[in-house]
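Please go through the model below with attention to its sheets, helices, cysteines and domains. The report follows the structure.

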Amino acid sequence: MPSHNLTSGLNQSQLDAVTHQTGPLLVLAGAGSGKTRVLTHRISYLIAELGISPYQILAITFTKKAAQEMKERVGALVGPRAQTMWVSTFHSACARILRTKAGLLGYDSNYNIYDQADSKTLTKETLLSLGLDGRNAGMYQSLISRAKNEDKDPLVFAEELRDSNSLVPPQFEDAYRRYEQLKRSNNGMDFDDLLCNIVKLFEISEETLIEYQNKFQHVLVDEYQDTNPVQNKLIIQLAKEHRNICVVGDPDQSIYAFRAADIKNILQFENNFPDVTVIPLEQNYRSTQIILDAANSVIEQNHRPYAKNLWTDGEMGDQISSIQVFDEKDEAEEVGREIRKIQDLQKYALDDIAVFYRTNAQSRALEEVLTRNKIHYKVIGGLRFYERKEIKDALAYLNVLNNPQDDLSLERILNEPTRGIGKGAREILKKYKEEKGFNNLYEVLLQSQSNENIKVEIGGKEKQLSAGALKGVKKFLKAYLSIFEMVKHDLSLLQSPETTSKSLSILNEHGYICPQRALSHLLIETEYLESLEKSGDPITNATRIENLSELLGAADDDQYKQDLNVHEELSDVEPNHMKAVTLFLNNSSLTDSSEDHEGGSVSLMTLHSSKGLEYPSVFIMGMEDELFPFPRAIFEDGGLDEEHRLAYVGITRAENNLYFTHAHKRTLHGQTTYNIPSRFIGYIPERLITHRKSRKFESEMSSRMNQRSNFGSRLGGVQAWSNSKLGEDSDKSNVDQIGLKVGDNVNHDMFGDGVIVKLEVNEYEAIATINFADEGQKTLDLSWAPVTKI
């Protein structure tokens, strides 16, 4: 009989997995089903009951923290002998083997391991040596890494991309060969090489493969659904002879395809090991049955070779709360109110509350509300919105416009992006400012354009600003000077009573510089945006650009378009046209920078970052089609399935209370859309969920209903559907009430001609999904975005 402390508290499925004797084992561990407990108890069982030496066990996890925790938990069960096990990440295990075997691949044993920053630096050096733009290093590096993780020759991978009309950067093959040569000459390997080189080593040296197959008689891998093709190949190499392989994972939680994780590894595990024992873990120890039923209803939309149905012995729990809000500001206010209500009832501490969202940029509105209401928060897996580098850079550009005396902001962006004004040039400019008595660096920059002889003595040597630096300064100043010219032009136009806002280039009708227009102008004219598109890997670039688009959207808020003379705090702002920019910068700076608070902090994160975490109370914001599910995913092969899995992950993080919010309209990344609730909400049976509308949503819709009654519909002159008695017959769609139907050709003032592919009408709104010939698919509220039938 197994030792009591190894089996105590295990359910039957967990016990079966722990006490499995030999041969391949696949543990399908549903969310919250105790997989870590199963894995640690199985390792302990191998040592204590089957007499397997800890030296013969290899356990693989995905993080160092998880590896350390696993070793500690096994140690608590079997004692100090657990310390001799190999418990590590894939990369650590591979690096450890290569320290003694690198010579077989032509490396010295003291090879260097290049991290991501080192690899990017080397790639940049490679590109410069080929006469290419070093700013594109991230793009090349991302492509090389993706190919290696997918177990493909980068040269072959590049051809595959070209065949599918995907973008491949110039001279990629030359750059790849040169990059590999430089690494070799430096006796270095990048992170991806650690995996690829082990697989290669085992392929060319059967003796080495057999050595490690014998050494590791039992191989265990956690989170197998997150493995990439190279990792999968390595595990098969190690276990194919003795077949004592145990993998633990959940295909329903495979959400990292963008990192090259391949769900087929776990789904096809049985193909590689036909004699596998499959044990599903379906009993959940985290969430209420209401939450589990909701998660099951979402994931059931996928084709699942290994279907599971989560259940619990615990409480049925409270219904999920789905809240329809008017816009992203209303959403943030509503979430803030609910959090404050939880606090007031002393139901949970702030540390027990989490808010999830699909994209990083969604956090901005919420962060502003939480800060204003003195609700402490922290961002998990990333930076707060206003602490992200691209946001700080953008605000620094605007700060210099608003206050040229701000040397700190100017120094931050003077050579960002690189424009030949390096550290040495900046030292000359600062020294010149001190010696000549200038008030600020901006004045020195202006002086340099009329006096190119900028000389100072530094360290006993005379130094002069180079021609390249002077050229860079001129380029930098041009963006600002052009704004001042536009201001001058617009001020003269405002003298005419016939001037409209459309004829103004940088000012609004009240004579204030528009923060959005100014910021957009600076980011484009300084080539900051162009540089950002080239500087990192495509995924990181897209996120940074989305963040800047969100900032631009915030800068276009209605409060900056009003008469600001009523703002007492802006009465001393000079010149007067800077008032809107000043107000925007003030609002952007009022964020709480500390994350450590005695009363705890609400956790904010993307849904991808929520994996592996759990909270008593969870909010999922932005539950709207074309946001979640993400628009691109809907049309990508397997993309919608992965969005279902992401929703499943998010829902199953909640222990007791779960809230959804979905906005009628949302301005995100600078674009306003009119939305319908996410299809994920529609999957959930009504018995599990309650629906309510925010106060602002109700008031806005009531106001619009009154307007329709007074002025009629904006839908091509059709009689207002609000005059009809909608809702009397729930079996009717009400589509016929607005004179439009699916398949109708329509015209929109901004998007041009299109065809209606989906139409939903209720007492408040008519939401149409329209395929536009030039602009693609858009979802519009027809009362706000009128169309004409053609």
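## Helices across the open sheet

Helix H17 (residues 363–372) lies across strand S10 (353–357), S11 and strand S14 (602–606). Relative to S11, H17 runs at about 155 degrees. A further helix, H28 (residues 639–651), lies across S10, strand S15 (615–620) and S16, and its direction is at about 130 degrees to S16. These placements, like everything else in this report, come from a predicted model.

The strands that H17 crosses belong to an open sheet of seven strands, in the order S11-S14-S10-S15-S16-S9-S19, with parallel pairing. At the edges are strand S11 (377–379) and strand S19 (689–693), each of which pairs on one side only. From one strand to the next the twist averages 20 degrees. Within this sheet, strand S9 (residues 320–325) and strand S16 (residues 654–663) pair in the parallel sense over five bridges; Ser321 stands opposite Tyr659 in S16.

## The antiparallel strands around S20

Strand S20 (residues 745–748) pairs in the antiparallel sense with strand S21 (residues 752–761), over four bridges. In this pairing Val746 stands opposite Gly754 in S21. S20 is also joined to strand S24 (residues 787–789) by three bridges, and these two strands run antiparallel. Here the bridge partner of Asn747 is Thr788 in S24.

In a regular strand, side chains alternate between the two faces of the sheet. S20 has a covered face made of Val746 and His748, and an uncovered face made of Asn745 and Asn747.

## Helix H25

Does the length of H25 agree with its residue count, or disagree? H25 covers residues 538–555, which is 18 residues, and at 1.5 Å a residue it should therefore span 26 Å. The C-alpha atoms at its ends are 26 Å apart, so the two values agree.

Buried residues in H25 include Asn541. The others are Glu546, Asn547, Leu548, Ser549, Glu550, Leu551, Leu552, Gly553, Ala554 and Ala555.

## Ile428 and its contacts

Ile428 is found in helix H20 (residues 423–436). Its relative accessible area is 6%, so Ile428 counts as buried. Leaving aside neighbours within four places in sequence, Ile428 is in contact with Ile454, Val456, Ile458, Lys463, Gln464 and Leu465.

Arg692 is 264 residues from Ile428 in sequence, and the two are 62 Å apart in space, C-alpha to C-alpha.

## Cysteines

How many disulfides does a search of the whole structure find? It finds zero. For Cys196, the closest cysteine sulfur is in Cys94 at 9.4 Å, so the pair is too far for a bond. For Cys246, the closest cysteine sulfur is again in Cys94, at 19 Å, which is also too far for a bond. The cut-off for a disulfide is a pair of sulfur atoms within 2.5 Å.

Are these residues buried or exposed? Cys196 has 22% relative accessibility and so counts as partly exposed. Cys246, at 4%, counts as buried.

## Domains

The protein chain is divided into domain 1 (12–102 + 198–283), domain 2 (112–186), domain 3 (320–384 + 593–697), domain 4 (389–492 + 511–565 + 575–586) and domain 5 (744–789). Taken over C-alpha atoms, the centres of domain 1 and domain 4 are separated by 53 Å.

Notes:
Residues are numbered from 1 along each chain as its sequence is written. This is a predicted model: local features need pLDDT of at least 70, side-chain atom pairs count only at pLDDT 80 or more; totals for chains, interfaces and linings use all residues. Side-chain values use heavy atoms; hydrogens and water are left out. The expected span of a helix is 1.5 Å times one less than its number of residues. Buried means under 20% relative accessible area, exposed over 50%, partly exposed in between (1.4 Å probe, protein chains only). Two strands pair if DSSP finds at least two bridges between them. Axes are lines fitted to C-alpha atoms, for helices over the stretch in contact, and angles run from 0 to 180 degrees between N-to-C directions. Contact means heavy atoms within 4.5 Å. Domain bounds come from an automatic or database domain assignment.
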